[in-house]
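Reader: I would like a close look at one part of this chain, set in the context of what surrounds it. Please keep the account plain.

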Amino acid sequence: MPRVRKIRVSPFVQDRPSKGQVLRRRIRRAFAPLAAGLVLMGLVVGAAGIVHVFGQGESFRERMGHATAALGLRVHDIVVEGRQKTPEALLRAAIGVATGDPILSYSVADARARIETIRWVQNAVVSRRLPDTILVSLTERRPFAVWQHDGKFVLIDRDGQLVTDSDVGTFSGELPLVVGDGAPAAAAALIDALAAQPDIQSRVQAAVRVGERRWNLRLTNGMDVLLPEGAEAQALARLAEMQTAHDLLDRPLQALDLRLPDRLVFRPQPTHGADPQPAPARKPT
């Protein structure tokens, strides 16, 4: 009979781990980050307690910020997105943080409130990007028209909010001019109605608010077009039809009254020797 050889098993070869062992290993791996986080939290709380002893009078956020700053949680970068016209110096002062400051003691809510007081800013979002970055995202107001009031010119947005009273001349050639009390709040509806009638829009030098109720259009040829209250779009559409058929806006008229829906009232240019009419409103230069 052939001799049977014995097979030796190496002491380094182990059996496959049991399901229980595999489960325990997975649990340990899953909870390892949590354990590390708890240790870090313990260090933070301990440091905060020490700071509390020596920092009486500070808020909890300030004490926590000083405590975590010792662990490296300090502002290193300040990133601003969306800034085009907002003055940099005003924005920097409103953000109110410097590199090296404790990042957790910085109030993003207070910073947002300060930033939104800047007229160019419509809204702002301020957030932390731990461990070391403050992110500021701006939505700026878009100038929609130039408002002439009490001899001054300012930029307003579509909602009628004041944007700025400086550098207005930069926008005067591309934005419509509105004049008078109440003009900013009512400008959007009129400008939208004019945009639907480009031939008339191209002739308008200024829109003058009358009695905070209705509009007069001062044209580049000196003619005034009197619009009805609350029916500007309909009146402009009617005027566009008459201009196409009769070239009304090219005639020597001082005024064209569209306030009555069933009739049109003309006022001819004054004859020589009559009292001169006031000069049309001018855009800023």
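Reader: Among contacts in the chain between residues at least 6 apart in sequence, what percentage join residues at least 24 apart? After that, please take the 9-stranded open sheet and describe what packs around it.

Author: The model is a predicted one. Among contacts between residues at least 6 apart in sequence, 50% join residues at least 24 apart. The chain has 285 residues, and buried residues make up 36% of them. It contains 7 helices and 12 strands.

The sheet you ask about is open and consists of 9 strands with mixed pairing, in the order 6-5-4-7-8-9-10-11-12. Its edges are strand 6 (162–164) and strand 12 (265–268), each of which pairs on one side only. On average, neighbouring strands in this sheet are turned by 30° against each other, direction ignored. Strand 10 and strand 11 run parallel and are joined by 3 bridges. Leu226 has Asp257, in strand 11, as its bridge partner.

Two helices deserve attention here. Helix 5 lies across strand 4, strand 5, strand 7 (177–179), strand 8 and strand 9, and runs at about 60° to strand 9. Helix 7 covers residues 232–246, which makes 15 residues. From its first C-alpha to its last, helix 7 reaches 20 Å, close to the 21 Å expected at 1.5 Å a residue. The buried residues in helix 7 are Glu232, Ala235, Leu236, Leu239, Ala240, Met242 and Gln243. Their cover includes helix 5 (183–195) and helix 6 (198–201), together with strand 8 (204–210), strand 9 (214–219), strand 10 (224–226) and strand 11 (253–257). Just after helix 7 comes Asp247, with a positive phi of about 55°.

The nonpolar side chains come next. In soluble globular proteins, such side chains tend to be buried together. The largest nonpolar core in this model has 33 residues, and Leu217, Val225 and Leu227 touch the most other members. Two or more residues come from each of strand 4 (145–149), strand 5 (152–156), helix 5, strand 8, strand 9, helix 7 and strand 11. Helix 5 gives the most to this core, namely 8 residues. Leaving aside neighbours within four places in sequence, Leu217 is in contact with Leu190, Leu194, Val204, Ala206, Ala207, Met223, Asp224, Val225, Leu227 and Leu236. One of these contacts, Leu236, is among the buried residues of helix 7. Another core, of 16 residues, lies apart from the largest one and includes Leu91, Ala94, Val126 and Val136.

Two arginines in loops complete the surroundings. Arg158 is located in the loop between strand 5 and strand 6. Its relative accessibility is 41%, so Arg158 counts as partly exposed. The side chain of Arg158 makes a polar contact of 2.4 Å with the side chain of Asp192. Beyond its neighbours within four places in sequence, Arg158 is in contact with Arg142, Phe144, Ala188 and Asp192. Arg158 and Ala187 are 29 residues apart in sequence, while their C-alpha atoms are 7.7 Å apart in space.

Arg141 sits in the loop between strand 3 and strand 4. Arg141 counts as buried because its relative accessibility is 17%, and the limit for that class is under 20%. A polar atom of the Arg141 side chain lies 3.0 Å from the backbone oxygen of Arg119. With neighbours within four places in sequence left aside, the contacts of Arg141 are Arg119, Trp120, Val121, Gln122, Asp157, Gln161, Leu162 and Val163.

The loop that holds Arg141 begins after strand 3, which belongs to another sheet. That sheet is open, has 3 strands in the order 1-3-2, and shows mixed pairing. Strand 1 (77–81) and strand 2 (121–129) stand at its edges with a single partner strand each, so one side of each has no neighbour in the sheet. The twist averages 15° from one strand to the next. Strand 1 and strand 3 (residues 133–140) run parallel, joined by 5 bridges, and Asp77 stands opposite Thr133 in strand 3. Helix 4 (residues 108–115) packs on this sheet and touches strand 2 and strand 3, its direction making about 155° with that of strand 2.

Note on methods: Residues are numbered from 1 along each chain as its sequence is written. This is a predicted model: local features need pLDDT of at least 70, side-chain atom pairs count only at pLDDT 80 or more; totals for chains, interfaces and linings use all residues. Side-chain values use heavy atoms; hydrogens and water are left out. Helices (H or I, at least four residues) and strands (E, at least two) are DSSP runs, numbered from the N terminus. The expected span of a helix is 1.5 Å times one less than its number of residues. Buried means under 20% relative accessible area, exposed over 50%, partly exposed in between (1.4 Å probe, protein chains only). Contact means heavy atoms within 4.5 Å. Two strands pair if DSSP finds at least two bridges between them. Axes are lines fitted to C-alpha atoms, for helices over the stretch in contact, and angles run from 0 to 180 degrees between N-to-C directions. A nonpolar core is a set of buried Ala, Val, Leu, Ile, Met, Phe, Trp, Tyr and Cys residues joined through side-chain atoms within 4.5 Å. A polar contact is a pair of N or O atoms within 3.5 Å; within protein, one must be able to donate a hydrogen and the other to accept it, and residues adjacent in sequence count only if both atoms are side-chain atoms.
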